[in-house]
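Thank you for making time this morning. I would like to walk through one structure with you, slowly, and I will stop at a few places to ask a question before I answer it.

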Amino acid sequence: MEKNLKTQVLIIGGGATGAGVARDLSLRGVNCILVEKKDINAGASGANHGLLHSGARYVSSDPESAKECRDENRRLKQLAPDCVEETGGLFVAVEGDDEKFIADFPGYCDNIDLPCRQIDISEAREAEPALSDKTIAVYEVEDASIDPFKLVLENITDAQKLGCKFFRHLKVVKFNKTGNNIKTVNLVNKNTGETMSIEADIVVNATGAWAGQVAALAGTHIDLIYSKGTLLITHSRITQRVVNRLRPPADADILVPGGTVSIIGTTSLRMESLDEIKPTVAEVDRIVGEGASMMPVLETSRYIRAYSGVRPLLGGGGKGDDRSVTRGFDLVDHAKDGIENFITITGGKLTTFRLMAEKTADLVCSRIGVSAPCQTRKIPLISAHETRWAVPGFSPKNWFNSHDKDDLLLCECEMVPQSAIEEIVGYFDIFDKHADLNGIGKRSRIGKGSCQGNFCSLRIAAYLYDRDHLSSDQGVSEIKSFLNERWKGQRCLLWDTPVVQVELQEAMHCGFFGLELNPDS
Amino acid sequence: MTDINKIYSELTIIGTGMAGMAAAYFASKNKIETTQIGINSGIIYSSGFFDLMGVHPIEDRKTWENPWQAIDKLVSDIPDHPYARLGRSNIESAMDQFMEFMNEAERPYMVRKNQNTKVITPVGTVKSTYGVPRSMWAGAVALKEKHPCLIVDFWGLKAFSAKQITDMLMPRWPGIRPLRISFPAVGPSSDLYPEQMARSLEIEANRIQLAEAIRPDLGDAAALGLPAILGIYKPRQVREHLEELLGVDIFEIPTIPPSLPGLRLKEAIEAKITGRGVRLLSQKRVLSAAQNTDGTFELSIGDRATSEIQQIIGCNAVILAGGRFLGMGLHAGRKKIREPLFDLPVFQPEDRALWHQTNFFDPRGHQISQAGLEIDDSFRPTDLAGKPVYDNLFAAGSILAHQDWMRQKCGAGLSIATAYGAVKAFKKLNIEHPTSNIEF
Ligand SMILES: Cc1cc2nc3c(=O)[nH]c(=O)nc-3n(C[C@H](O)[C@H](O)[C@H](O)COP(=O)(O)OP(=O)(O)OC[C@H]3O[C@@H](n4cnc5c(N)ncnc54)[C@H](O)[C@@H]3O)c2cc1C
Ligand SMILES: Cc1cc2nc3c(=O)[nH]c(=O)nc-3n(C[C@H](O)[C@H](O)[C@H](O)COP(=O)(O)OP(=O)(O)OC[C@H]3O[C@@H](n4cnc5c(N)ncnc54)[C@H](O)[C@@H]3O)c2cc1C
């Protein structure tokens, strides 16, 4: 295996921003490598609300961000239609909400030419029966929902087809400098312990909340504050449109629908470290309580998953609510800090990921003397064949159409056959053939159905052994880490039926198999 | 209301899980007139292994060769554990008698005197248990003696990989090999289910075909392991015939739940218990329970799905063996854990935030597993002051507090022993209530 690689641009961070930069540069013909310490969307890109902001949320607090959102919202609806669901959005106030804020809202929207239409309350409640009978004002905006997994998978897959290399499980641990330049970057595979070194003309730090840590490795500084946000996914879809609470940003004031579910959140908690980013029972109860004042059904809805992400917010941060800190992005050319070939891009939003990538790629190209202009404003992001298993609903449809009886269903809840598993394992990069269940989970629907991985983890592990994708005692750690990944999202939502399901899971995996006694390999 | 059928019973057992079944057996053995009610239970999910006591303290992952020493240590460390209410001689009698019963029910179990036995699980881990179904025994022996061994699996049978099992075991058992074959005599279906395979093997010709398919690869193997598919009704005949055909010891490895060993247990025990005179209302649910002024209980019975009352049972005493959340003996709401039938006090963590650890496999186990009914020495659920809530209500099995059968590896043992304790306490208290004013 080749342990030393060379490239024009090394991009660190497999979230939306890094993926966007990889695609942008690849479209301009620049040779690049994208590395990610875990797997795609391990950071905020896999733990956000999935709201393609119209900008209305920021009209009062941050009109510049609002404008960026407004423009990117329209662009992504055109350029990445397969990743976007054009739901439309509402801003809704209920009794007790600040009257002045409600009255000023349309004016703020007008200031930046943001379409915003007041609608009749009875009309709104007819269209969205889940709205509270205490609703006092409703405005319609151009919000939409966006699938962050599909978005990032598509960007990376497209970049790979254009020649970009993507490596999972590779963590940047050291920068080796000569003079004012980073010469090589040392990386470690966290599964195998193997090391690698990459030589690049330019290094892009797109590590989101970790940007400060990575900058520090390079001997420079980025000032970030961490704000944790927690979200809950409901078992069924609550509304057709995005629903925002018409008040200054606070807990649990946005509900975003997508496919067959809705997502309610968020909270905002200042964190000192990035180590323990998990939802808590207190946050869950708070979200349910607050959300219910806008949509009472949320009090009794069934929830299938809770998750938390961290917003890296720029600049030391003030006293007030972290949500009032700018959502703009920060593109830092570290030449000013004495490192000529190091660039950091952090902050921002999923909605503006393409713009962030464009600005970053512009800077990179100006450095390496590439004059090709940005293509991502024009070339649409077409769904790739490789990403189809991640799309909700694809597997069952495929199954009913294909009728291949030898192609056994390994995930019976989401109807994922063994051929899909085999295909996905084939996409794993050449340096990391290790067939991890979590990696398969990011690229398909396994574990996301009602068994939450209890049974499919066992069927898939057995299959991977049969196909020599797993050997010795790897299966035990695979099953354990897959179930633990699901567990993170279940733990705070365990009451009623889910408690029954996890008891069965524990009876099987601990009571019967004794997996808790087996050390991880 | 006149068309609702009312019956009377001296003792009613709520639950048809391991604990309910054991209680029914001990009650019938003691000639107690018994009615038993329940829906599906953990039994059909069970592996067939009878754990007695395997791990303590769980946070140290300490496994024990001798279950009795483990119980001694457990009882001294955790005096509230249900085993502490029994003492070794009671637990021993309970286990011995139940094993005898399993023998009678033609589902014989093998036990090493005062010793746990290591057995193979479908994911290739090795587990310590106490009672081993006879059909799995040769696997335990082969594992212990490291005999040359062939593990066979089948195209189309999901979640059972001989390769996985042998890969996992190879470091400690070099003489183990995998073999994959096509299962004979099941039509062109490529998705195989253990029950369908087991039915097919009840037919002699199919066993001969299976033996033919394995024979060429038998090599030096002295033992042969197969997924648990060797018959449903006549597992012994199926296995012995194959042993005779192939000339090696044959054993089953349980498949993932719900598996045949669980189903076989359920069918055999049910048949045997009803044969002994227990009135079994299976697939029925107790909808509500009330105490009459004379102290007897009145239970309303309905279907599993509807809440329509179909039958009333009057009884002198109840053994509640409703299980935990899976069995529905306990219910966890967003704020609190409740016992839904009698609204008995449930010992539980103060706050939902404490129910579950952040790591699913945390060796300490989850605090919610310690929740349940607290009991007195007569196995009667107690109130906060430690007094029995009812003189004539007993509890047994996993519904009890201060135990974690999943982590301590004491599932079947706990159910059997506490059922024994509850029946014994019922007998000792010799509950007699006036029944004259009840209409039947
Ligand atoms: C709770 C929450 C809700 C949000 N909701 C929305 C919303 O509705 N709409 C919207 O537009 N935006 C939303 N956002 C913002 C949006 O999610 C982020 O702005 C965006 O995902 C950031 O992407 P990124 O690629 O910059 O960072 P990330 O997605 O965090 O990616 C950084 C990656 O770098 C990797 N990494 C870190 N260190 C290293 C290293 N040493 N070596 C290699 N790799 C490393 C990490 O593993 C991670 O995968 C939300 C954010 C949060 C937290
Ligand atoms: C996946 C799995 C694996 C296992 N593996 C092992 C193993 O390896 N070794 C081992 O020793 N044991 C194992 N066990 C079995 C375990 O021993 C028993 O499940 C456990 O002891 C609990 O038995 P129980 O009878 O207390 O509860 P359950 O089996 O849960 O039975 C409860 C019963 O109460 C009934 N009930 C509850 N409420 C009502 C009501 N209102 N009306 C009527 N009926 C009611 C239910 O219908 C059910 O029949 C396993 C169990 C499971 C689920």
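Let us begin with Gly43(A), where a backbone N or O atom lies 3.4 Å from an oxygen atom of ligand 1. Please keep in mind throughout that we are looking at a predicted model. Beside that contact there is one from Ala44(A), a backbone N or O atom of which lies 2.9 Å from an oxygen atom of ligand 1, and there is another at Gly348(A), where a polar backbone atom is 3.2 Å from an oxygen atom of the ligand. Which residues come nearest to ligand 1? There are 35 residues around it, and the nearest of these are Thr17(A), Glu36(A), Ser45(A), Leu51(A) and Thr351(A).

Now please turn to ligand 2, and ask yourselves where it lies. It sits between chains A and B, and it is surrounded by 39 residues, of which Ser47(B), Val286(B), Ser398(B), Ala412(B) and Ser415(B) are the closest. Ser398(B) deserves a second look, since a polar backbone atom of this residue is 2.8 Å from an oxygen atom of ligand 2. A polar backbone atom of Met18(B) is 3.1 Å from an oxygen atom of the ligand, and for Gly322(B) the distance from a backbone N or O atom to an oxygen atom of ligand 2 is 3.3 Å.

Staying with chain B for a moment, I would like to show you two peptide bonds. The bond that joins His56(B) and Pro57(B) is cis, with an omega of about -10°, and Pro57(B) belongs to the loop between strand E2, residues 34-38, and helix H2, residues 67-77. A cis peptide bond also joins Pro257(B) and Pro258(B), again with omega at about -10°, and here Pro258(B) is in the loop that runs between strand E10, residues 249-253, and helix H9, residues 260-275.

The backbone has something else to show us, namely positive phi values outside glycine. Phe379(B) is not a glycine, and yet its phi is positive, at about 60°; you will find this residue in the loop between strand E16, residues 337-338, and strand E17, residues 393-395, of chain B. Is Phe379(B) buried or exposed? Its relative accessible area is 2%, and because the cut-off for buried is under 20%, Phe379(B) counts as buried. In chain A, the phi of Ala252(A) is near 50°, which is likewise a positive value in a residue other than glycine. Ala252(A) has its place in the loop between strand E14, residues 242-245, and strand E15, residues 254-258, and with a relative accessibility of 1% it is buried.

Another loop residue of chain A is Ser444(A), which lies between helix H11, residues 437-442, and helix H12, residues 456-466. Ser444(A) has 2% relative accessibility and therefore counts as buried. What does its side chain reach? It reaches the backbone oxygen of Ile440(A), at 2.9 Å. If we leave aside residues up to four places away in sequence, Ser444(A) touches Trp389(A), Ala390(A) and Ile424(A).

From loops we can move on to strands, and I have chosen E7 of chain A, residues 135-141, which is mostly covered, with 5 of its 7 residues buried. Strand E5 of chain A, residues 89-94, pairs with E7(A) in the antiparallel sense over 6 bridges, and in this pairing Leu90(A) stands opposite Glu140(A). Strand E6 of chain A, residues 117-118, also runs antiparallel to E7(A) and is joined to it by 2 bridges; there, Gln118(A) stands opposite Tyr139(A).

My last stop is helix H7 of chain A, residues 281-294, whose 14 residues reach 21 Å from the first C-alpha to the last, close to the expected 20 Å. Among the buried residues of H7(A) are Val281(A), Val284(A), Ile287(A), Val288(A) and Met294(A). Why do the buried residues lie on the same side of H7(A)? They do so because they cover an arc of only 160° around the axis. And what covers them? The covering elements include E5, which we met a moment ago, together with E14 and the strands E13, E16, E17 and E18 of chain A.

Terms used
Residues are numbered from 1 along each chain as its sequence is written. Chains are lettered from A and ligands numbered from 1 in the order in which they are written. This is a predicted model: local features need pLDDT of at least 70, side-chain atom pairs count only at pLDDT 80 or more; totals for chains, interfaces and linings use all residues. Side-chain values use heavy atoms; hydrogens and water are left out. Buried means under 20% relative accessible area, exposed over 50%, partly exposed in between (1.4 Å probe, protein chains only). Helices (H or I, at least four residues) and strands (E, at least two) are DSSP runs, numbered from the N terminus. Two strands pair if DSSP finds at least two bridges between them. A polar contact is a pair of N or O atoms within 3.5 Å; within protein, one must be able to donate a hydrogen and the other to accept it, and residues adjacent in sequence count only if both atoms are side-chain atoms. Contact means heavy atoms within 4.5 Å. The expected span of a helix is 1.5 Å times one less than its number of residues. The arc is that of the directions from the helix axis to the C-beta atoms. A residue is near a molecule or strand if one of its heavy atoms lies within 4 Å of it.
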